[in-house]
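Thank you for giving me a few minutes at this meeting. Please keep the sequence and the model open while I talk, and follow along with me as we go from place to place.

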Amino acid sequence: SPATPAADEAAKPATPAAEGTPTLTSTLVDQPVRSGQRIYAAGGDLTVTATVSSGSELMADGNIHIYAPLRGRVIAGLKGNTRARIFCQALHAELVSVAGHYRVSENIPANLKGQPVQIFLEREILRIEPL
């Protein structure tokens, strides 16, 4: 049932964040992400400590950390956060994207496949670099 305005006011923290400072959340997934599954961390970061299967999709408004093999699609900065990054232990992704800039598996350099990498935007260019 939708919350009333009074309930919304009561749910706010007693000490609000500084003006202009976004309040970020963090989502932790410790189970394997199976083909067909979609996980979205709204308003924050996503951390996955288990295998991400081909055919699955990880999405976050902030950063995405994957401490296991990554075989699915991963989309950081979903709502346009150009400072978002993707960190993963073993890159085998079908697609990687930061703030709408993406690269498919065929366009990921062979020397980076299976390696620990970070993926980020630098002057509107999607970069994939070893960690």
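Let me begin at the hairpin of β8 and β9, where 2 residues lie between the strands and where A99 takes a positive phi near 50°. Before I go further, please keep in mind that this is a predicted model, and that what I report has been computed from it. The two strands of this hairpin run antiparallel and are joined by 4 bridges, and if you look for one pair to hold on to, V104 in β9 is the bridge partner of L95.

Now stay with β8 for a moment, because there is a general point that helps in reading it: in a regular strand the side chains alternate between the two faces of the sheet. With that in mind, which residues of strand β8 are buried on one side, and which on the other? Strand β8, residues 95–98, has L95 and S97 buried on one side and V96 and V98 buried on the other, and both of its faces are covered.

On to the pairing of β8 with β6, which is in the parallel sense and extends over 4 bridges; here A76 stands opposite V98 in β8. Strand β6, residues 73–76, also pairs with strand β4, residues 57–60, again in the parallel sense, and this pairing has 3 bridges. In that pairing M59 is found opposite I75 in β6.

If we now put these strands together, we arrive at an open sheet of 5 strands, in the order β2-β4-β6-β8-β9, with mixed pairing. At the edges are β2 (38–41) and β9 (101–104), and since each has a single partner strand, one side of each is left without a neighbour in the sheet. From one strand to the next, the twist of this sheet averages 5°.

Just ahead of β4 there is a residue that I would like you to find, namely S56, which lies in the loop between β3 (44–48) and β4. Is S56 buried or exposed? Its relative accessible area is 0%, and because buried means under 20%, S56 counts as buried. Setting aside the neighbours within four places in sequence, the residues in contact with S56 are V33, R34, S35, G36, Q37, G72 and R73.

Let me turn to the other sheet, which is also open and mixed in its pairing, and which has 6 strands in the order β1-β3-β5-β7-β10-β11. Here the edges are taken by β1 (25–29) and β11, each with a single partner strand, so that one side of each has no neighbour in the sheet. On average, and with direction ignored, neighbouring strands of this sheet are turned by 20° against each other.

At one end of that order, β10 and β11 run antiparallel and are joined by 6 bridges, with L121 standing opposite L126 in β11. Between β10 (117–122) and β11 (125–130) there is a loop, and R123 is found in it. What sign does the phi of R123 have? It is positive, at about 50°, although R123 is not a glycine. E124 has its place in the loop between β10 and β11 too, and its phi is near 70°, which is again a positive value in a residue other than glycine. As for the surroundings, R123 is exposed, with a relative accessible area of 73%, and E124 counts as exposed at 55%, because the cut-off for exposed is over 50%.

I also want to mention the ring of F120, since the charged end of R85 sits over that ring, 4.3 Å from its centre. The count of aromatic pairs in this model, by contrast, comes to 0.

Let me finish with the whole protein, which has 1 helix and 11 strands. Read along the sequence, the helix comes at the start of the pattern, and the strands follow it: α-β-β-β-β-β-β-β-β-β-β-β. How much of the protein is buried? Of its 131 residues, 37% are buried. The protein exposes about 7700 Å², and carbon and sulfur atoms supply 52% of that area. Finally, among the contacts with a separation of 6 or more, 14% are between residues 24 or more positions apart.

Technical notes:
Residues numbered from 1 in each chain as written. Predicted model: local features only at pLDDT ≥ 70, side-chain atom pairs only at ≥ 80, totals over all residues. Heavy atoms only, no water. Pairing = 2+ DSSP bridges. Axes fitted to C-alpha atoms, helices over the stretch in contact; angles between N-to-C directions. Buried < 20%, exposed > 50% of the residue type's maximum accessible area, 1.4 Å probe, protein only. Contact = heavy atoms within 4.5 Å. Areas by Shrake-Rupley, 256 points an atom, 1.4 Å probe, with all protein chains shown as cover. Phe/Tyr/Trp six-rings, centres within 6.5 Å; stacked < 30°, edge-to-face > 60°. Lys NZ or Arg CZ within 6 Å of the ring centre and 35° of its normal.
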